[in-house]
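Welcome! Let us walk through this structure together, one region at a time. Please keep the view open and follow along as each part is named.

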Amino acid sequence: MKKTMLSVFLSIVLLLLCVGAALASPMPGTEDAAFAAALEEDKLRLKPYDISINIDNQNLYGEITRLNTVLEQYEMETYSLLYVPTEGETAIAGDDFYSSFSFYSLFSGGNKMLLTDGHGLAMVYDGDSGEARSIVPVEGLDPEYCGLMYSLLCKPEPAGVAWSSDGRYIALSFLRNTLLMARLDCNLLLIDTEEGTVRPLLDLPYPVKAITGNFFGAPFRAVFDTEKPVLYYEMYRVPNAIAGPYNQLRAYDLTTGETRVLSLSDFSTTTSDPALLVTPLGIANTYAHIKMNEDFGIAFRGERSTGTYIHGDPESPIAAQARNSRLLAVSDTHGLLLTGLSGAQPGTVGPTIHLFALDGISAALYDTVLSIQPDNAPQERLAQANLADLLAADAAENVLRPQLHNAVFSPDGNYILLAYHVQGGEYGLYIHDIARGVTGRIDLSAAFETSPNYLGAYGLPFTNADTGMHWLPDGRIMLAVGDGMRIFELSIAE
């Protein structure tokens, strides 16, 4: 049986990620004095990024042919073109780009992109070499498992995509499938973008059911080292004959193929963090005990540390929300933690953002949250506030504070992009200068006609929303809007 390819995909391959001519004006850098001045005067604005995409039809035809050759070897459904390609290039831009893909992921270090159309095609485009590659299974796999693996490849979990620092490798993990659907056969998929291949990282028995998975473990959560060709990943539920260890943190050497166990946890913990983070203190993720609500915190493990656990206070107002904690981002000096994902009633905990210093980190970070007052002057909009005091004030006044629901550092770590909303009302964005304490409002009128729902929201269920926000090294910003991600640029209003 042939699979029919979306005709619009035939006009897409070359993504011009860094073409300055497509921009109305250069994007301001955070190091510019003009950026600092615009921030203080609320003159930064968000604009849709002018996407221009071209495709060489012969290139696409060759890659589809390569894909079908491999699929036929595994007796899988092949992918058919709707017409015979001709010489030359066609183009697509703007909203058509977003409607053409069920998923896309940008490599933050350069112009590379992973694309899937949801109908059986996964491709990587390298803007530096001008080459597009379809992603095909390696040889020698179990045919039945190959079918499962390829279905996962073509419909990845957005937050489970990790790129190596040089952009060659992509690791796909499937946290939602593993934890919510007991799919312990998901494995961890490793894409080689130069070879155009994908393979399971581990040689696990197939099929793996939930009960037998307890004897082998299930890989989930991954991150690449920022300096070495090493992939760190966590094995969930790896008990011995009596008890624990429950989770293992492992390091896979991409050069030698060797795997080492770096650390283990001998108590039953899990978390909803979609990925691990490489930090100066070690490989980091939040944790929460599966059965005991009062056991929660942040773990720093691995080669860069002997293992540090920041245990939250079970008497803290935040304790009940511990299972929904997310470690959003870490710079060289600071970290951002999101606790709680839903709305709240006055006096109860809703989404809270915690900004903390890595130097001297302690459980006190849960007691202090970022509080925003949109109507205040830029120098007084954002403050560190005691959570218990805020909750008491909300309850006494029977009001709901504007809620910060996501945050990410700028590429240089000196600024924070913040997403907020008023429950039942508008959504907005602010940029905070950490050193100067200035918080500027971003004008959204050039990007949206009306206030967009779920702007920058983290981890919306069953959508492409990813982790909600990315601030890319070249200044572009990726944001969740509704049920998908969009690309924008910052500019300075005249």
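Which residue in E36 is the bridge partner of Lys47? The partner is Glu489. Before we go further, please keep in mind that this is a predicted model.

That pair belongs to a good place to begin. Strand E3 covers residues 44-48, and 5 bridges join E3 to E36 in an antiparallel arrangement. Along this pairing you can also find Pro48, which stands opposite Phe488 in E36. Strand E36 has a second partner: strand E35 (residues 477-481) is joined to E36 by 5 bridges, again running antiparallel. Here Leu479 has Arg486 of E36 as its bridge partner.

Now step back to see the whole sheet. It is an open sheet of 8 strands with mixed pairing, and the order is E30-E31-E32-E33-E3-E36-E35-E34. At the edges are strand E30 (403-409) and strand E34 (469-471), each of which pairs on one side only. From one strand to the next, the twist averages 30°. Helix H1 (residues 33-40) packs on this sheet, where H1 touches E3, strand E31 (415-421), strand E32 (427-433), strand E33 (438-443), E34 and E36. The direction of H1 makes about 100° with that of E36.

How many of the 9 residues of strand E36 are buried? The count is 7, so strand E36 (residues 484-492) is largely enclosed by the rest of the structure. Sheets like this rest on a general principle. Strands pair through backbone hydrogen bonds, either parallel or antiparallel.

Let us move on to another region, beginning with a helix. Helix H4 (residues 143-154) has 12 residues and reaches 17 Å from its first C-alpha to its last, close to the 16 Å expected at 1.5 Å a residue. At the N-terminal end, Asp142 caps H4, with a side-chain oxygen 3.0 Å from the backbone nitrogen of Glu144. The buried residues of H4 include Tyr145, Leu148, Leu152 and Leu153.

What does H4 give to the largest nonpolar core? The answer is 8 residues, the largest share of this core. Of the 36 residues in this core, Leu114, Leu153, Ile170, Leu172, Leu189 and Ile191 touch the most other members. Elements giving two or more residues to this core are helix H2 (57-73), strand E9 (122-126), H4, strand E12 (161-163), strand E13 (169-172) and strand E14 (189-192). In soluble globular proteins, nonpolar side chains tend to be buried together.

Take a closer look at E14. Leu189 and Ile191 point one way from E14, while Leu190 and Asp192 point the other way, and all are buried. Strand E14 pairs with E13 in the antiparallel sense over 4 bridges, and Ile170 stands opposite Ile191. Leaving aside neighbours within four places in sequence, Ile191 has contacts that include Leu114, Ile135, Leu153 and Val198. Another 4 bridges join E14 to strand E15 (residues 197-200), also antiparallel, and Leu190 has Arg199 of E15 as its bridge partner. E14 and E15 form a hairpin with 4 residues between them, and Gly196 in the turn has a positive phi of about 70°.

One last stop remains. Is Arg221 of strand E16 (residues 218-224) buried or exposed? Arg221 is buried, with a relative accessible area of 1%. The side chain of Arg221 makes a polar contact with the side chain of Glu234, at 2.5 Å.

Terms used. Residues numbered from 1 in each chain as written. Predicted model: local features only at pLDDT ≥ 70, side-chain atom pairs only at ≥ 80, totals over all residues. Heavy atoms only, no water. Buried < 20%, exposed > 50% of the residue type's maximum accessible area, 1.4 Å probe, protein only. Pairing = 2+ DSSP bridges. Polar contact = N/O pair within 3.5 Å; in protein donor to acceptor, adjacent residues only side chain to side chain. Expected span 1.5 Å × (residues − 1). Core = buried A, V, L, I, M, F, W, Y, C linked by side-chain atoms within 4.5 Å. Contact = heavy atoms within 4.5 Å. Axes fitted to C-alpha atoms, helices over the stretch in contact; angles between N-to-C directions.
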